[in-house]
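Here's a quick briefing to read alongside the coordinates. It goes topic by topic, so feel free to jump around.

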Amino acid sequence: MSTANPAISVVVNTTDRAHALDTLLRSLHHQSYRNFEVVAVVGPTRDHTLDVLAGYDGRVRVERCPAPNLSISRNIGLAAATGEIVAFLDDDAVPCRTWLAQLAERFADPALDATGGSVFLVHPNRPMIQTRLAYTSALAEQVDVRDEALADLPPAGDGRFWTARMMGANMAYRKSALLDIGGFDEFYEWVFDDTDIAVRLAFGGKSIRPVADAWVYHAPASSRNRVAYTPVGRWWVQTKAAAYFAIKNGRTAGESGRAIALRILHLFHGHWQWLGEMQRAGQLTFGQMMSMRWRELVAVGQGMLAGLARPRQLLASARSTGAADESAAAFVPFLPGAAPATGAVDPVTGRQPVITMPEPPLRVCLLSGAYPPAAYEGVGRHTNLMAKGLFELGHTVHVIARGENEQVTFYDGAYVHRIPTPLTRYTRYQALPHLYHTLNRAHAVHERVRQLVRNDGIQLVDSPVWQVEGIVTARSGLLPVVVRPQTATRQVAQLQREADTGMRLIGELEAELIAAADYLAPNSQATVKALRDVYGLPASARYQVVPHGIEPVPDESVRPFDVAAPPASLTVLYVGRLEQRKGILDLFGAIPAVMARVPNVRVVIAGADNSLSDGFQARHGMDYPAYFARHYAAAAPAVTFLGAVSEEKLNELYQTCDLFVAPSLYESFGLIYLEAMNYAKPVIGCQAGGIPEVVDDGVTGRLVEPAAAPALAEAMVELLSSPALLREMGLAGRRRLLERFTHVQMARGFETIYRAVLALPAGGN
Amino acid sequence: MTTAFTIGDLLRDIEIELLQGDVLDRELSASVAEIRRFQQTVRAEILDGGHNDLRAVAGRQFEMNDLLLTLVQETALRLEVLQREQHAVIRRLADALPPGALPGHAGPAPSRDEPATGTDAPPAPPVDEWTRRLAEVEAAMRGDALQLTVAVQGSGTPFAGAAIDRLKGALHSLVIFYINRLAERQAAINRLYGQWIIHLHERGRAQVDEIDRLRAEVRALAARLDRLEERAP
């Protein structure tokens with residue numbers, strides 16, 4: 001029997017992971033599919049799992065499993081399930097929004113007996129695709145990611161019988177199919193239960209078809225079997241299970257005794273070697289290693305003995321506990337009414353901002369090639385702060401960033417999807433490498449956007465103009481696209497007088513992206529002007545200025561000095577790339593004049609040298625620090641060039657400086673000034689671009705004409721000569737930031753735009 | 001040459017890649033290429049390596065079947081997804097139009113002043129790499145490509161050599177007879193897969209053409225909508 005809207009029983013087997021279970025149950029409120037019940041099978045628990053479940057009284061059916069055995073627990077859940085479809089989900093996993101909808105859609109095919117989707121290991125240090133279209137042999141040879149196997153054909157393995165399989169964290173079955181084969185084999189107390197069921201279903205002629213979509217995000221929690229994020233675990237249980245599996249299933253598949261024996265030897269040897277490697281790496285003591293090796297040996301023996309002599313134990317516990325009798329119980333939907341407007345949930349920590357939501361939360365996708373913590377750059381930092389702010393407002397945020405391998409993490413309130421850029425399209429532009437890469441990148445991003453529409457139901461895409469990552473999506477018409485114009489390639493090319501064909505065409509693509517945008521969110525009025533000057537912004541374009549915002553540091557991190565006892569030596573800080581556009585030469589020119597009048601000053605310059613790409617080296621034959629040392633030798637001892645610095649170091653520099661100077665010739669906004677103001681530091685910038693919208697001249701700092709070293713020196717001297725002024729302006733800057741420029745205020749600005757876009761007749765342009 | 005590219009070229013190529021990408025995305029394309037390579041490896045292993053273990057041959061063929069099945073399944077899934085996306089795009093754009101602006105299902109073809117691609121020239125037809133590859137896969141799957149022939153090296157044994165060679169030849173013929181029967185069946189399965197893949201591909205292409213037509217229609221309607229808005233007081 002198959003229906004278009006089948007009742008699904010979500011079975012969660014859980015023991016002593018109350019916190020993770022709580023996260024999962026809250027995340028299930030975001031499922032787009034409504035016709036499902038939740039059966040929680042609780043093992044011998046010692047934590048507050050039952051208290052968590054008490055909060056769902058009448059919405060979650062609770063069963064008890066007497067033994068710490070996953071297969072017994074699964075069988076109890078299976079027997080208790082009242083749905084036509086039974087979907088198993090780990091208690092430390094969070095499914096994508098359309099997980100159940102996709103499973104229901106697949107099971108509309110009456111010929112399908114089992115399916116399941118990909119699992120992303122949302123690991124802070126080692127994120128990866130844990131499973132995608134996996135398969136296994138009857139000799140327990142598992143290939144977890146089919147793409148990898150395709151890259152390495154023929155698949156490594158000796159098994160003659162192979163079948164698709166799903167991972168326990170994300171698998172669904174037609175209940176009748178599982179009952180036909182007797183449910184799970186209760187020998188498997190942990191691991192191989194999911195693989196065994198797949199092989200037995202295949203032996204029984206059932207149809208198993210996993211899918212690449214229907215994602216589950218898996219944030220592993222500790223259990224009695226393993227300590228999450230460490231190599232500590234009862235790994236011998238795996239060996240025992242694998243030996244049993246190879247014998248039971250290998251024999252059914254007609255494998256020879258020699259092949260089975262070799263496979264078991266191989267498994268045992270693998271674990272033996274691995275334990276040795278861990279001991280050599282200092283993760284295990286010699287005693288621990290030998291103890292674990294002994295356990296491995298015993299486990300192999302137990303597994304083989306059981307495989308040879310013991311009959312399979314199927315659904316036995318479910319019958320003995322009486323759970324099977326409950327299958328006649330009424331189906332209790334987990335979400336009986338309309339979808340509650342609950343905010344996004346952090347799948348790793350379980351954090352969910354407590355806010356009042358008058359309107360349903362949004363699901364947005366932000367694009368940013370470079371993204372923290374892998375890279376701290378202007379657009380990446382801005383996107384990161386947007387994501388943080390939007391999460392605080394209850395919205396679900398996905399970020400698509402650049403990465404060498406496909407992976408998903410949850411970082412600062414957002415799912416961060418790092419994807420590589422395969423250079424397989426647009427080959428006719430290979431001679432223009434920057435353009436060629438840009439187009440391929442935009443296409444790779446679009447493919448991910450499509451996946452996110454299918455899996456997480458994202459409603460719109462927000463793309464910076466920089467690197468035009470949203471151009472393909474904007475052209476596709478798939479979703480509304482909001483565009484964040486900041487300083488873009490065409491502007492930089494004009495400022496730096498660069499005019500190669502690739503740059504010109506990327507500039508044209510920027511203009512197209514701006515024209516195709518459903519809404520523009522410039523960061524300043526200066527950017528609006530630039531859009532008109534550089535891109536010919538049409539009068540009909542919809543836009544709203546959303547100033548940048550940053551996360552305020554705690555008050556205790558702000559240390560303005562005591563005016564009565566000012567520091568003996570004052571520190572001037574410059575942050576930014578060392579390039580002409582940032583006004584670094586003007587700062588060089590001002591430093592000797594300042595030192596002549598304020599002798600107790602030292603200057604710290606933090607930022608990567610960009611002399612090669614901005615043409616400075618070609619003109620002068622040296623980089624910026626060398627240029628300063630040669631032309632301003634007298635001042636050189638008081639100036640320190642740090643190069644690129646870490647985020648932590650940067651914060652320390654802001655915290656410890658006395659005056660911040662960045663005489664940039666143009667900034668579309670000037671995030672660096674906000675960062676200094678965050679630490680109550682007075683700032684000096686130029687009357688250029690969006691800087692005057694951030695710096696209140698004479699109140700939070702000083703503004704000077706661009707490219708005017710004497711005026712810059714004068715302003716620096718004015719402030720450095722007056723400790724009272726330094727302190728007063730610094731505190732005024734901090735107040736201004738808290739009033740107007742926090743990341744949450746910025747997120748509110750974007751939220752307004754997103755809601756406006758979604759309310760437009762076609763959801764946009 | 002590179003300086004001759006225009007923004008029109010870029011936008012046209014994005015459109016083409018979008019259309020191709022709807023059916024032939026990177027993963028699928030890579031899968032076909034890898035399966036073909038695998039097929040060649042297996043063929044070389046069986047035909048050239050003097051490999052006549054029936055179980056090994058069958059094992060390899062089952063792996064092959066599994067991979068092909070996944071490919072077919074993924075293709076079918078992608079087409080379904082594509083269909084859903086297509087409906088979503090149409091719904092979004094149809095919502096933008098005032099009541100009565102949609103002139104029935106067929107919709108008008110874009111007129112000369114409403115170019116379908118937003119550029120001066122019509123888009124160039126996409127190079128059909130996919131079809132070419134499928135043809136190659138199909139050729140590799142032909143039954144005769146899997147047939148084995150008897151190849152017995154002379155034993156070189158004095159006196160009894162000829163008799164030994166005849167006996168070896170007879171045994172080899174027997175083994176090869178069974179392998180060839182298996183190969184015939186496998187070839188039939190392969191043909192079936194091939195037909196399915198081509199059928200799905202054709203369905204996909206038809207959908208892509210339909211999307212292309214609908215996009216052009218939507219652009220024309222959007223242009224009409226703009227004009228209506230301009231005329232509005």
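Helices here are DSSP runs of H or I with at least four residues, and they are numbered from the N terminus. With that in hand, Trp294(A) belongs to helix α10 of chain A, residues 286-309. Keep in mind that this is a predicted model. Below are a surface patch, a sheet, some aromatic contacts and a couple of charges over rings.

**Surface patch**
- Trp294(A) teams up with Leu297(A) and Val298(A) in a nonpolar patch on the surface, and together they have about 300 Å² of accessible area.
- Is Trp294(A) buried or exposed? Its relative accessibility is 56%, so Trp294(A) counts as exposed, given that the cut-off for exposed is over 50%.

**The seven-stranded sheet**
- Chain A has an open sheet of seven strands with mixed pairing, and the order is β16-β17-β15-β14-β18-β19-β20.
- At the edges sit β16 (407-411) and β20 (519-520) of chain A, each of them pairing on one side only.
- Inside that order, β18 (residues 460-464) and β19 (residues 481-484) of chain A run parallel and are joined by four bridges.
- For a concrete contact, look at Ser463(A), whose bridge partner in β19(A) is Val483(A).

**Aromatic pairs**
- The count comes to 34 aromatic pairs over all chains.
- One of them is Tyr135(A) with Trp162(A), an edge-to-face pair at 5.5 Å centre to centre with 65 degrees between the planes.
- Tyr135(A) is in strand β9 (residues 135-137) of chain A and Trp162(A) is in strand β11 (residues 162-164) of chain A, so this pair ties together parts 27 residues apart in sequence.
- Both rings belong to buried residues: Tyr135(A) has a relative accessible area of 2%, and Trp162(A) comes in at 11% relative accessibility.
- Phe628(A) and Phe641(A) also pair edge-to-face, at 5.9 Å centre to centre and 65 degrees between the planes.
- That pair links helix α20 (residues 624-631) of chain A, home of Phe628(A), to strand β23 (residues 639-643) of chain A, home of Phe641(A), with the two residues 13 apart.
- Phe628(A) is buried at 1% relative accessible area, whereas Phe641(A) is partly exposed at 25%.

**Aromatic cluster**
- Phe628(A) and Phe641(A) are also members of one aromatic cluster with Phe588(A), Phe616(A), Tyr624(A), Tyr627(A) and Tyr632(A).

**Charges over rings**
- Arg59(A) has its charged end over the ring of Phe334(A), 4.6 Å from the ring centre.
- Arg74(A) places its charged end over the ring of Phe184(A), 5.8 Å from the centre.

Notes: Residues are numbered from 1 along each chain as its sequence is written. Chains are lettered from A and ligands numbered from 1 in the order in which they are written. This is a predicted model: local features need pLDDT of at least 70, side-chain atom pairs count only at pLDDT 80 or more; totals for chains, interfaces and linings use all residues. Side-chain values use heavy atoms; hydrogens and water are left out. Two strands pair if DSSP finds at least two bridges between them. Patches are made of residues with over 30% relative accessible area and no salt bridge: like charges are joined within 9 Å, nonpolar side chains (Val, Leu, Ile, Met, Phe, Trp, Tyr) within 5 Å. Accessible areas come from the Shrake-Rupley method with a 1.4 Å probe; for residues, only the protein chains shown count as cover. A salt bridge is a side-chain nitrogen of Lys or Arg within 4 Å of a carboxyl oxygen of Asp or Glu. Buried means under 20% relative accessible area, exposed over 50%, partly exposed in between (1.4 Å probe, protein chains only). Rings of Phe, Tyr and Trp (its six-membered ring) pair if their centres lie within 6.5 Å; planes under 30 degrees apart count as stacked, over 60 as edge-to-face and the rest as tilted. A charge sits over a ring if NZ of Lys or CZ of Arg is within 6 Å of the ring centre and within 35 degrees of the ring normal.
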